[in-house]
Amino acid sequence: MIVAIVAGVSTRTSESDRFLYMPSAFLCMLLAVAICILVPVAKRWIAVVPILLLSMLALFRNDQHWVIASHIIERTVAEIPAVPVDHRLFISGLPSDTCGAFIFRNGFYEAMLLSGRDTSRMIVAVHVLSPSPGLAKQIVSVEGDTLSIVPGDMEFVAR
């Protein structure tokens with residue numbers, strides 16, 4: 001915990017996992033050596049069993065976050081409507097993560113391609129701009145382009 005507190009590690013990026021992995025590996029080795037040296041053989045299991053149980057519990061909870069993220073991906077991909085020819089589909093509100101498990105922070109188009117969908121007319125909106133009276137609604141896409149939604153275009157808001 002000292003490494004995370006001193007360095008100000010972000011929990012929104014996978015780089016934080018890489019940053020904390022090395023120190024935690026060394027701390028685990030240090031703890032193992034300390035248990036072997038300081039704790040008598042008869043009492044060693046009393047020290048090791050709670051650590052193993054807590055590790056298994058944490059691993060199970062982490063796995064459940066990824067299962068939930070997978071269900072959200074499957075549901076979202078299934079809910080996205082087909083895009084008629086000569087129209088565009090603007091998609092907004094895609095979730096980025098749940099409890100640290102990535103959802104659509106990256107890889108939305110790849111997920112759609114893996115499900116057999118055509119992504120050439122799908123545009124993921126980062127921001128939806130409020131329209132002025134008489135103007136079409138506008139979005140800012142992932143690529144940073146500002147695009148207008150015109151009649152015939154479809155909108156999908158992920159929930």
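## The second largest pocket

The second largest pocket has a volume of about 170 Å³. Two elements, α4 and β4 (122–129), each give two or more residues to its lining. This is a predicted model, so treat the pocket as part of a prediction.

Who lines this pocket? One stretch of the lining runs through Phe104, Arg105, Asn106, Gly107, Phe108 and Tyr109. Gly93, Leu94 and Ser96 are also in the lining, as are Val124, Ala125 and Val142. Sorted by class, that makes seven nonpolar, four polar and one charged residues. Arg105 is the charged one, since Asp, Glu, Lys and Arg are what count as charged.

## The chain as a whole

Let's step back to the fold. The protein chain has four helices and seven strands. Reading from the N terminus, you meet the elements in the order α-α-α-β-β-β-α-β-β-β-β.

The protein chain has 159 residues, and 21% of them count as buried. Its accessible surface comes to about 11100 Å², with 68% of that belonging to carbon and sulfur atoms. As for contacts with a separation of 6 or more, 52% are between residues 24 or more positions apart.

## Helix α3 and what it packs on

Helix α3 covers residues 41–79. It has 39 residues and reaches 58 Å from its first C-alpha to its last, close to the 57 Å expected at 1.5 Å a residue.

Which residues of α3 are buried? They are His65, Ala69, Ile72, Thr76 and Val77. As for partners, the buried residues of α3 pack against β2 (97–98), β3 (101–102), α4 (108–114) and β7. So α4 turns up twice in this report, because it packs against those buried residues of α3 and also gives residues to the pocket lining.

## His65 meets Thr98

One spot in that packing can be followed residue by residue. Is His65 of helix α3 buried or exposed? It counts as buried because its relative accessibility is 19%, and the cut-off for buried is under 20%. Leaving out residues up to four places away in sequence, His65 touches Thr98, Cys99 and Ala101.

Now look from the other side. Thr98 is found in strand β2, and with 18% relative accessibility it counts as buried too. Again leaving out residues up to four places away in sequence, Thr98 touches His65, Ile68, Ala69, Ile72 and Ile103. Three of those names, His65, Ala69 and Ile72, are also on the list of buried α3 residues.

## Two loop residues

Where does Ile149 sit? You'll find it in the loop between β6 (146–148) and β7 (154–157). Despite the loop setting, Ile149 counts as buried, because its relative accessibility is 11%. Lys137 lies 12 residues away from Ile149 along the chain, yet their C-alpha atoms are separated by 5.5 Å.

Asp86 is in another loop, the one between α3 and β1 (89–92). Is Asp86 buried or exposed? Asp86 is exposed, because its relative accessible area is 71%. Its backbone is worth a look as well: phi of Asp86 is near 70°, a positive value in a residue other than glycine. Most residues other than glycine have a negative phi.

Definitions and conventions
Residues are numbered from 1 along each chain as its sequence is written. This is a predicted model: local features need pLDDT of at least 70, side-chain atom pairs count only at pLDDT 80 or more; totals for chains, interfaces and linings use all residues. Side-chain values use heavy atoms; hydrogens and water are left out. Buried means under 20% relative accessible area, exposed over 50%, partly exposed in between (1.4 Å probe, protein chains only). Contact means heavy atoms within 4.5 Å. Accessible areas come from the Shrake-Rupley method with a 1.4 Å probe; for residues, only the protein chains shown count as cover. The expected span of a helix is 1.5 Å times one less than its number of residues. On a 1 Å grid over the protein atoms alone, a cavity is a set of points where a 1.4 Å probe fits but cannot get out, and a pocket is an open set with protein on both sides within 12 Å along at least five of seven lines; lining residues have an atom within 4 Å of a point. Grid points are joined across faces, edges and corners, and a volume is the space filled by probe spheres set on the points.
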